[in-house]
Amino acid sequence: MSAPLTFDQRLDRLADIAVNVGLGLQKGQEVVMTAPVEALDLSRRISRAAYRAGASLVTAILGDEQQTVLRYRHADNSSFDMAPSWLFEGMASAYRNGAARLAVVGDDPALLADEDPEKVARANRARSKAYSPALKLISDFAINWAIVAAATPAWARAVFPDDSEPVALDKLWDAIFKASRVDGPDPVAAWRDHNAALARRTTMLNARRFHALRFTGPGAGLTVGLADGHEWAGGASTSRNGVVCNANIPTEEVFTTPHRLRVSGHVRATKPLSYMGALIEDIAVRFEEGRIVEAHARKGQDVLQKVLETDEGARRLGEVALVPFSSPISQSGLLFYNTLFDENAASHIALGQAYSKCFVGGDTLSESQLSAQGANRSLIHIDWMIGSGETDVDGLDADGRATAVMRQGEFVI
Ligand code: ZN
Ligand code: ZN
């Protein structure tokens, strides 16, 4: 047996996976990277890996959450309708010119929990609006992009509240490395195998062409109609610039587009949702004709209501995803308070924007065609978890005939 990898080696491997598996970076391609200041070390290693892979220029934009809090404490009320549109326009322009986009995330899940929800909502709305041209290029996969995680002190304290900060940080890094498959003899080969397994699952679901999925279990009696011409995706995907990328490191989900008018019934979240620094717990909603007509949360109700009021599409679904309960992130038993990890621990749905990629020939469909086939449009896209070890999922044909897809959280199809 070979010696276990050192922390530095694991960090270098994560950087290598971010660049070569996540982005699939091409020689001569530009990279726009955002990262928290606490992830400076990883961010530098990513730059090195990117230049070694032939990047023409890496631009790192480091963010500091403490300065976000200063705004809430000291800025004039009018500040909360503002966003740095100049920055987001610059990013959109870089993507239009072929730059790849790498996001390193490590957010404090409770950063804004004590701030005025009204201000949080206004700031989020202004930000979403200013960011939407850049986000559209990302969500339409116009370019190759990827998200990877870095352990930060505030995030680690939230995930491991009973440990000292250094111990919590070590544990969170360890969980990130494991979930990101950095440890085996050949991480790139491990990702190739994992992508192949996810591709077998999407191929099988695409062959079935289900009309709807039915979720049943504690707190769930939900029918999610699937969009006409929907396509399942998962793992590696080819962006419109022809580059194969793994947008989420880690990833365990297969996902597709619900029909925005054909969702009915009720469902409860099986994990808390951390949204822009606020925690929303025990969400329970009821859908009629695709629209959320009742929504409750035991904690964070104000934030949830504000989210649902973002625009008309915020009350409808843009994604449905299946994740087995046996997935490694689920089995870690940890609650990460971060969508990148928690969405890969449980089957989930997302409020808001649909991915045009999740349609057969989606690249060639116009906005109005996508809409006619059932795609939802919104400024937001928020995944929240509805699956557990007790969730059953059936695929329904147009005549209502059911096929078992998952039983007690595991694929049986
Ligand atoms: Zn998802
Ligand atoms: Zn999503």
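This passage describes the domains, the two zinc sites and selected residues of a predicted model.

The domain assignment divides the protein chain into two parts. Domain 1 covers residues 7-179. Domain 2 is made of two segments, 209-232 and 253-411. The C-alpha centres of domain 1 and domain 2 are 24 Å apart. Across the boundary, 33 residues of domain 1 contact 23 residues of domain 2. The size of an interface is often given as the accessible area lost when the parts come together. Here the area buried between domain 1 and domain 2 is about 2200 Å². Carbon and sulfur atoms contribute 68% of that area.

Two zinc ions were examined next. The zinc ion (ligand 1) has protein donors from Glu-253 (OE), Glu-319 (OE), Glu-343 (OE) and His-348 (NE2). These donors lie 2.0 to 2.2 Å from the ion. Along the sequence, the donor residues of ligand 1 are spaced E-x65-E-x23-E-x4-H. The 4 donor atoms subtend angles of 82 to 163° at ligand 1, so the arrangement is irregular. A tetrahedral assignment would need all angles between 85 and 135 degrees. For comparison, the ideal angle for four tetrahedral donors is 109.5 degrees. Within this site, the pair Glu-319 and His-348 links distant parts of the chain. Glu-319 sits in strand S15, and His-348 in strand S16 (residues 348-352). The two residues are 29 positions apart. Both Glu-319 and His-348 are buried.

The zinc ion (ligand 2) is held by Glu-319 (OE), His-381 (NE2) and two OD donors of Asp-383. The donor distances at ligand 2 run from 2.0 to 2.5 Å. The spacing of the donors along the chain is E-x61-H-x1-D. Around ligand 2, the 4 donor atoms subtend angles of 55 to 140°, so this arrangement is irregular. Here too the site joins distant parts of the chain, through Glu-319 and His-381. Glu-319 lies in strand S15 (residues 317-322), and His-381 in strand S17 (residues 381-385). They are 62 residues apart. Glu-319 has 2% relative accessibility and therefore counts as buried. His-381, at 24%, counts as partly exposed.

Glu-319 connects the two sites. This residue bridges the zinc ion (ligand 1) and the zinc ion (ligand 2). The two ions are 3.3 Å apart.

Helix H2 was then considered. H2 spans residues 40-52 and has 13 residues. The distance from its first C-alpha to its last is 18 Å, close to the 18 Å expected at 1.5 Å a residue. Buried positions in H2 are Leu-42, Ser-43, Arg-45, Ile-46, Ser-47, Ala-49 and Ala-50. These buried residues pack against both helices and strands. The helices are H1 (7-23) and H7 (165-179). The strands are S1 (30-36), S2 (57-63), S3 (100-105) and S4 (145-149). Gly-54 follows H2 and has a positive phi, near 105°.

Individual residues complete the account. His-259 is located in strand S10 (residues 258-268). Its relative accessible area is 6%, so His-259 is buried. Beyond residues up to four places away in sequence, His-259 touches Gly-225, Leu-226, Ala-227, Asp-228, Gln-373 and Gly-374.

Val-303 belongs to helix H9 (residues 301-308). With a relative accessible area of 14%, Val-303 is buried. Leaving out residues up to four places away in sequence, its contacts are Pro-117, Tyr-275, Ala-278 and Ile-280. Val-303 and Arg-200 are 103 residues apart along the chain, and their C-alpha atoms are separated by 38 Å.

Ser-330 lies in helix H10 (residues 328-331). Its relative accessible area of 13% makes Ser-330 buried. Outside a window of four places in sequence, Ser-330 touches Pro-324, Phe-325 and Ala-345.

Asp-64 occupies the loop between S2 and helix H3 (65-74). Asp-64 is partly exposed, with a relative accessible area of 27%. The C-alpha atoms of Asp-64 and Gly-400 are separated by 51 Å. Along the chain, these two residues are 336 residues apart.

Methods. Residues numbered from 1 in each chain as written. Chains lettered and ligands numbered in written order. Predicted model: local features only at pLDDT ≥ 70, side-chain atom pairs only at ≥ 80, totals over all residues. Heavy atoms only, no water. Donors = N, O, S within 2.8 Å, 3.2 Å for Na, K, Ca; no water. Tetrahedral: all angles 85-135°; square planar, octahedral: opposite > 155°, others 65-115°. Helix = DSSP H or I, 4+ residues; strand = E, 2+ residues; numbered from the N terminus. Buried < 20%, exposed > 50% of the residue type's maximum accessible area, 1.4 Å probe, protein only. Expected span 1.5 Å × (residues − 1). Contact = heavy atoms within 4.5 Å. Domains from an automatic or database assignment. Buried area = accessible area lost by both parts, 1.4 Å probe.
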